[in-house]
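Trainee: Could you walk me through this model, starting with the ligand site and then moving on to the core?
Mentor: Gladly; here it is.

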Amino acid sequence: MHPLDAAKRDSYCDQRTLLSLIKLSLDSVSKLIEVDGTQFTLMKHFNYISGELCAEQVPLTEIATKYGTPSFVYSRAALEENYKAYEKSLAGCKSQICFAVKANSNIGVLNVLARLGAGFDIVSGGELNRVIRAGGQPSNVIFSGLGKTAQEIRYALDLQIKCFNVESPAELDRIDKIAGEMDVIAPVSLRINPDIDAGTHPYISTGLRDNKFGIESQKAYEIYKSASALRNINLIGVDCHIGSQITSIAPFLDSIDLMLEIVDNLTESGVNISHLDIGGGLGVRYGSESIPSPEELLNAVMQRFVDRDLTLIVEPGRSIAANAGIFLTRVEYLKFGTEKNFAVVDGAMNDLIRPALYGAWQKIVSVALKSPTPSRSTRFDVVGPICESSDFLGKDRDLMIDEGDLLAVMSAGAYGFVMSSNYNTRPRSPEVLVDDTEVYLVRKREDIDTLLQLEDLPSF
Ligand code: LLP
């Protein structure tokens with residue numbers, strides 16, 4: 001029964017409760033939701049329909065029944081819309097959107113983006129392999145990362161990717177040598193470390209001098225000059241990536257100004273650069289943060305490109321995938337204590353490590369809305385079964401739940417499944433992609449046999 005009907009029926013339903021329910025119903029239409037007192041835009045393609053949280057048109061309860069829990073559920077429409085927000089903002093500018101595969105590397109998800117013409121930013125041979133299997137074009141692939149192995153470089157050269165983002169002179173020498181052996185020319189950008197504070201969590205800030213990434217901007221010009229003498233390197237770009245979950249535009253613009261200075265110096269000395277890669281990093285709303293939209297960011301960025309014959313490359317990950325997916329988990333036990341109450345769920349830090357690793361906050365909601373008894377809502381830490389106190393998905397959450405209920409951890413489409421592990425010999429979750437009313441299992445649940453198949457007893 002829809003909670004509104006239930007509320008009308010039940011005698012305890014006073015006028016205030018009824019009003020809040022009407023609001024809730026309207027909110028699910030206007031894509032806003034109010035659970036535990038705070039109101040914010042919920043992920044656009046995950047809404048309550050008749051009191052049940054759905055991925056597009058499919059109730060999450062159905063997905064849980066069919067594929068079990070815990071599981072990751074993605075929305076095709078959300079992925080497409082988030083990608084198109086970049087595409088639309090870049091219209092009229094020579095540009096390339098390279099989705100950062102590390103954010104969500106499921107080949108079903110990559111396929112959705114490849115169909116839209118996306119390029120890809122990869123950081124390993126494995127990710128390159130995924131892109132190919134997903135139908136992506138190597139000629140639209142950027143290879144980032146500071147530890148590329150010889151084997152990975154050979155693989156990428158063989159497939160003729162668009163560009164290597166190089167992070168050290170040693171890597172440059174290695175690429176030149178391998179390209180020479182293969183008798184090919186490697187297209188290269190240097191990743192600049194601009195020493196700019198992106199104002200984000202220290203673990204995901206990458207553009208500061210003491211971060212391991214990139215080439216110090218003061219040395220960039222000299223390194224470009226010496227690289228221009230390498231026989232098998234073609235210098236085509238300047239690159240930068242200053243961090244992730246960035247909530248303001250200013251650090252992007254500061255790093256672009258610095259890159260443009262380098263481009264100008266190089267042009268003067270006869271090295272012509274054809275593209276500027278500004279990396280990824282735009283944040284998303286997990287709660288009530290205020291974040292610039294891709295459009296706001298790119299409008300500001302493109303002002304810097306007026307009168308310049310440069311292609312703009314962007315590498316968004318989170319801002320395309322995070323709010324296109326949720327993590328679905330079931331309450332196993334409720335445990336009430338003097339200091340704390342715990343909702344013990346079947347998902348854990350091995351499935352979704354962001355809360356444990358960064359203290360990240362992600363919204364947690366009940367999949368089925370219950371009849372309104374606000375007094376029944378209880379404060380819980382939502383915890384998994386792993387033997388660590390860092391194994392939590394959320395702390396101090398006011399939830400109206402019973403054992404067996406389904407919960408959705410929102411905004412889990414980026415850096416969710418990709419960072420999962422088998423800690424505590426827990427098979428990893430399935431991944432499900434919803435397209436309107438259709439449901440596609442794009443990764444099966446692991447089982448114990450698959451988990452153990454690479455292990456062996458010693459031969460003694
Ligand atoms: N390009 C490069 C070179 C990167 O290293 C990254 C992310 C991106 C693009 C995409 O950044 P995005 O648009 O997704 O912010 N696991 C962390 C995030 C790590 C980001 C690493 N690099 C988290 O869950 O918050």
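**Ligand site and core**

Mentor: An oxygen atom of the ligand lies 2.8 Å from a polar backbone atom of Arg318, a polar contact being a pair of N or O atoms within 3.5 Å. This is a predicted model, in which local features need pLDDT of at least 70 and side-chain atom pairs count only at pLDDT 80 or more, while totals for chains, interfaces and linings use all residues. Residues are numbered from 1 along each chain as its sequence is written, and side-chain values use heavy atoms, with hydrogens and water left out.

Trainee: And how much of the ligand does the protein bury?

Mentor: The protein buries 92% of the 580 Å² that the ligand exposes when taken alone, with areas from the Shrake-Rupley method and a 1.4 Å probe.

Trainee: What does the side chain of Glu315 do there?

Mentor: An N or O atom in the Glu315 side chain is 2.6 Å from a nitrogen atom of the ligand, whereas Gly281 places a backbone N or O atom 2.9 Å from a ligand oxygen atom.

Trainee: Switching to the core, which residues touch the most other members?

Mentor: In the largest nonpolar core, which has 100 residues, they are Phe120, Phe164, Val188, Tyr224, Val238 and Leu312. Such a core is a set of buried (under 20% relative accessible area, 1.4 Å probe, protein chains only) Ala, Val, Leu, Ile, Met, Phe, Trp, Tyr and Cys residues joined through side-chain atoms within 4.5 Å.

Trainee: Which helix gives the most to this core?

Mentor: Helix H10, residues 250–268, gives the most, with eight residues; helices are DSSP runs (H or I) of at least four residues, numbered from the N terminus.

Conventions
A polar contact is a pair of N or O atoms within 3.5 Å; within protein, one must be able to donate a hydrogen and the other to accept it, and residues adjacent in sequence count only if both atoms are side-chain atoms. Buried means under 20% relative accessible area, exposed over 50%, partly exposed in between (1.4 Å probe, protein chains only). Helices (H or I, at least four residues) and strands (E, at least two) are DSSP runs, numbered from the N terminus.
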